[in-house]
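Me: I've got this one open on my screen and would like to talk it through. Can you take my questions as they come?

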Amino acid sequence: MGIYILNSKKAKPFGFWANAEVVPIEDVKGYNRALGILWCVYGVLFVLIGLPLLDGQNSGLIMIPVLGAMFISIAAMVVYVVGIESKYRKRK
(Lines give C-alpha, C1' and ligand atoms only; values in the text may rest on other atoms or scores of the structure.)
Protein backbone atom coordinates (compact mmCIF):
# COMPACT_ATOMS: atom_id res chain seq x y z
CA MET A 1 0.00 0.00 0.00
CA GLY A 2 2.82 2.39 0.85
CA ILE A 3 4.60 1.78 -2.45
CA TYR A 4 1.34 2.29 -4.35
CA ILE A 5 0.67 5.58 -2.57
CA LEU A 6 4.26 6.77 -3.14
CA ASN A 7 4.05 6.08 -6.87
CA SER A 8 0.50 7.34 -7.35
CA LYS A 9 -0.10 10.23 -9.72
CA LYS A 10 -3.65 10.82 -8.49
CA ALA A 11 -4.61 14.30 -7.37
CA LYS A 12 -6.82 12.77 -4.70
CA PRO A 13 -5.51 12.31 -1.14
CA PHE A 14 -5.44 8.75 0.14
CA GLY A 15 -7.10 7.95 3.44
CA PHE A 16 -5.44 6.55 6.52
CA TRP A 17 -8.57 5.45 8.38
CA ALA A 18 -10.84 2.75 6.98
CA ASN A 19 -14.17 3.98 5.58
CA ALA A 20 -13.61 7.58 6.67
CA GLU A 21 -13.61 10.79 4.69
CA VAL A 22 -10.22 12.42 4.20
CA VAL A 23 -9.95 15.90 5.67
CA PRO A 24 -9.36 18.70 3.13
CA ILE A 25 -5.66 18.70 2.22
CA GLU A 26 -3.58 21.65 0.96
CA ASP A 27 -0.61 19.81 -0.63
CA VAL A 28 -2.00 16.50 -1.90
CA LYS A 29 1.28 15.33 -3.43
CA GLY A 30 3.24 15.98 -0.22
CA TYR A 31 0.50 14.41 1.90
CA ASN A 32 0.42 11.25 -0.24
CA ARG A 33 4.22 11.02 -0.12
CA ALA A 34 4.28 11.33 3.68
CA LEU A 35 1.49 8.77 4.01
CA GLY A 36 3.27 6.38 1.65
CA ILE A 37 6.47 6.64 3.67
CA LEU A 38 4.50 6.01 6.87
CA TRP A 39 2.94 2.85 5.42
CA CYS A 40 6.32 1.58 4.12
CA VAL A 41 8.00 2.09 7.49
CA TYR A 42 5.04 0.46 9.23
CA GLY A 43 5.25 -2.56 6.92
CA VAL A 44 8.98 -3.02 7.45
CA LEU A 45 8.60 -2.78 11.22
CA PHE A 46 5.68 -5.22 11.12
CA VAL A 47 7.83 -7.76 9.27
CA LEU A 48 10.75 -7.25 11.67
CA ILE A 49 8.68 -7.82 14.79
CA GLY A 50 7.33 -11.01 13.23
CA LEU A 51 10.79 -12.56 12.86
CA PRO A 52 10.73 -14.16 16.35
CA LEU A 53 7.84 -16.32 15.13
CA LEU A 54 10.32 -18.14 12.89
CA ASP A 55 12.00 -19.52 16.04
CA GLY A 56 9.43 -22.23 16.34
CA GLN A 57 6.27 -23.19 18.08
CA ASN A 58 5.86 -22.94 21.87
CA SER A 59 8.34 -20.11 22.17
CA GLY A 60 8.11 -17.34 24.73
CA LEU A 61 9.14 -14.94 22.01
CA ILE A 62 5.50 -14.80 20.84
CA MET A 63 5.07 -11.80 23.12
CA ILE A 64 7.36 -9.67 20.92
CA PRO A 65 5.03 -9.75 17.87
CA VAL A 66 1.89 -9.48 19.98
CA LEU A 67 2.98 -6.43 21.94
CA GLY A 68 5.06 -5.02 19.08
CA ALA A 69 2.11 -5.01 16.68
CA MET A 70 0.06 -3.10 19.21
CA PHE A 71 2.78 -0.54 19.89
CA ILE A 72 3.74 0.13 16.26
CA SER A 73 0.06 0.45 15.30
CA ILE A 74 -0.51 3.03 18.01
CA ALA A 75 2.70 4.81 16.99
CA ALA A 76 1.55 4.94 13.35
CA MET A 77 -1.75 6.49 14.43
CA VAL A 78 0.05 9.11 16.52
CA VAL A 79 2.46 9.97 13.70
CA TYR A 80 -0.46 10.34 11.30
CA VAL A 81 -2.65 12.50 13.53
CA VAL A 82 0.06 14.65 15.12
CA GLY A 83 2.52 14.81 12.24
CA ILE A 84 1.01 14.24 8.83
CA GLU A 85 -2.64 15.29 9.14
CA SER A 86 -1.93 18.43 11.13
CA LYS A 87 0.83 19.51 8.70
CA TYR A 88 -1.16 19.07 5.47
CA ARG A 89 -4.69 19.95 6.63
CA LYS A 90 -6.27 23.01 4.98
CA ARG A 91 -6.43 25.97 7.31
CA LYS A 92 -9.65 27.94 7.45
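Reply: Sure, let's start with charges: the side chains of E85 and R89 meet in a salt bridge, at 2.6 Å from N to O. Keep in mind that this is a predicted model.

Me: How many salt bridges does the count come to?

Reply: The count comes to one salt bridge, so E85 with R89 is the pair to look at, their N to O distance falling within the 4 Å cut-off.

Me: Are those two buried or exposed?

Reply: E85 counts as buried, because its relative accessibility is 12% and the cut-off for buried is under 20%. R89 comes out as partly exposed, at 33%.

Me: Where is E85 found, and what is it in contact with?

Reply: E85 is in helix α3. If you leave aside the neighbours within four places in sequence, E85 is in contact with W17, V23 and Y80.

Me: Y80 makes me think of rings. How many aromatic pairs are there?

Reply: The count gives nine aromatic pairs. One of them is F16 with Y80, a stacked pair with 4.4 Å centre to centre and 10° between the planes.

Me: Which parts does that pair tie together?

Reply: F16 lies in the loop between α1 and α2, while Y80 lies in helix α3 (residues 63-88), so the pair ties together parts that are 64 residues apart in sequence.

Me: And are F16 and Y80 buried or exposed?

Reply: Both F16 and Y80 are buried.

Me: What about W39 and Y42, what kind of pair is that?

Reply: Edge-to-face, because the ring centres of W39 and Y42 are 5.7 Å apart and the planes sit at 90°. W39 and Y42 are three residues apart in helix α2, which means about one helical turn separates them. W39 itself is partly exposed, with a relative accessible area of 21%.

Me: Which residues form the aromatic cluster?

Reply: One cluster is made up of F16, W17, Y31, W39, Y42, F46, Y80 and Y88. So you'll find the stacked partners F16 and Y80 in there, and W39 and Y42 are members as well.

Me: Does anything else touch that group? I was wondering what M77 is in contact with.

Reply: M77 is in contact with F16 and W17, again leaving aside its neighbours within four places in sequence. M77 has its place in helix α3 and is partly exposed, with a relative accessible area of 35%.

Me: How far apart are M77 and L61 in space?

Reply: From C-alpha to C-alpha, M77 and L61 are 25 Å apart, with their positions 16 residues apart in sequence.

Me: New topic, pockets. How much space lies in the largest pocket, and which residues line it?

Reply: About 160 Å³ of space lies in the largest pocket. The lining is I5, L6, S8, K9, K10, K29, N32 and R33.

Me: Which helices supply that lining?

Reply: α1 (2-7) and α2 (28-50) each supply at least two residues of it. α2 gives the most, with three residues.

Me: How do the lining residues divide into nonpolar, polar and charged?

Reply: Two are nonpolar, two are polar and four are charged.

Me: N32 is on that list. Where does it lie, and is it buried or exposed?

Reply: N32 lies in helix α2. N32 counts as buried, because its relative accessibility is 3%.

Me: What does N32 touch?

Reply: N32 touches I5, K10, K12, P13 and F14, not counting residues up to four places away in sequence. Among them, I5 and K10 also line the largest pocket.

Me: Last couple of spots. P65: where does it lie, and what does it touch?

Reply: P65 lies in helix α3 and touches I49, G50 and L53, not counting residues up to four places away in sequence. P65 is buried, with a relative accessible area of 11%. The C-alpha atoms of P65 and L51 are separated by 8.1 Å, and the two are 14 residues apart along the chain.

Me: And G83? Where is it found, and how far is it from G60?

Reply: G83 is found in helix α3. The C-alpha atoms of G83 and G60 are separated by 35 Å, with the two residues 23 apart along the chain. G83 counts as partly exposed, at 35% relative accessibility.

Methods. Residues are numbered from 1 along each chain as its sequence is written. This is a predicted model: local features need pLDDT of at least 70, side-chain atom pairs count only at pLDDT 80 or more; totals for chains, interfaces and linings use all residues. Side-chain values use heavy atoms; hydrogens and water are left out. On a 1 Å grid over the protein atoms alone, a cavity is a set of points where a 1.4 Å probe fits but cannot get out, and a pocket is an open set with protein on both sides within 12 Å along at least five of seven lines; lining residues have an atom within 4 Å of a point. Grid points are joined across faces, edges and corners, and a volume is the space filled by probe spheres set on the points. Helices (H or I, at least four residues) and strands (E, at least two) are DSSP runs, numbered from the N terminus. Ala, Val, Leu, Ile, Met, Phe, Trp, Tyr, Cys and Pro count as nonpolar, Asp, Glu, Lys and Arg as charged, and the others, Gly among them, as polar. Buried means under 20% relative accessible area, exposed over 50%, partly exposed in between (1.4 Å probe, protein chains only). Contact means heavy atoms within 4.5 Å. Rings of Phe, Tyr and Trp (its six-membered ring) pair if their centres lie within 6.5 Å; planes under 30 degrees apart count as stacked, over 60 as edge-to-face and the rest as tilted.
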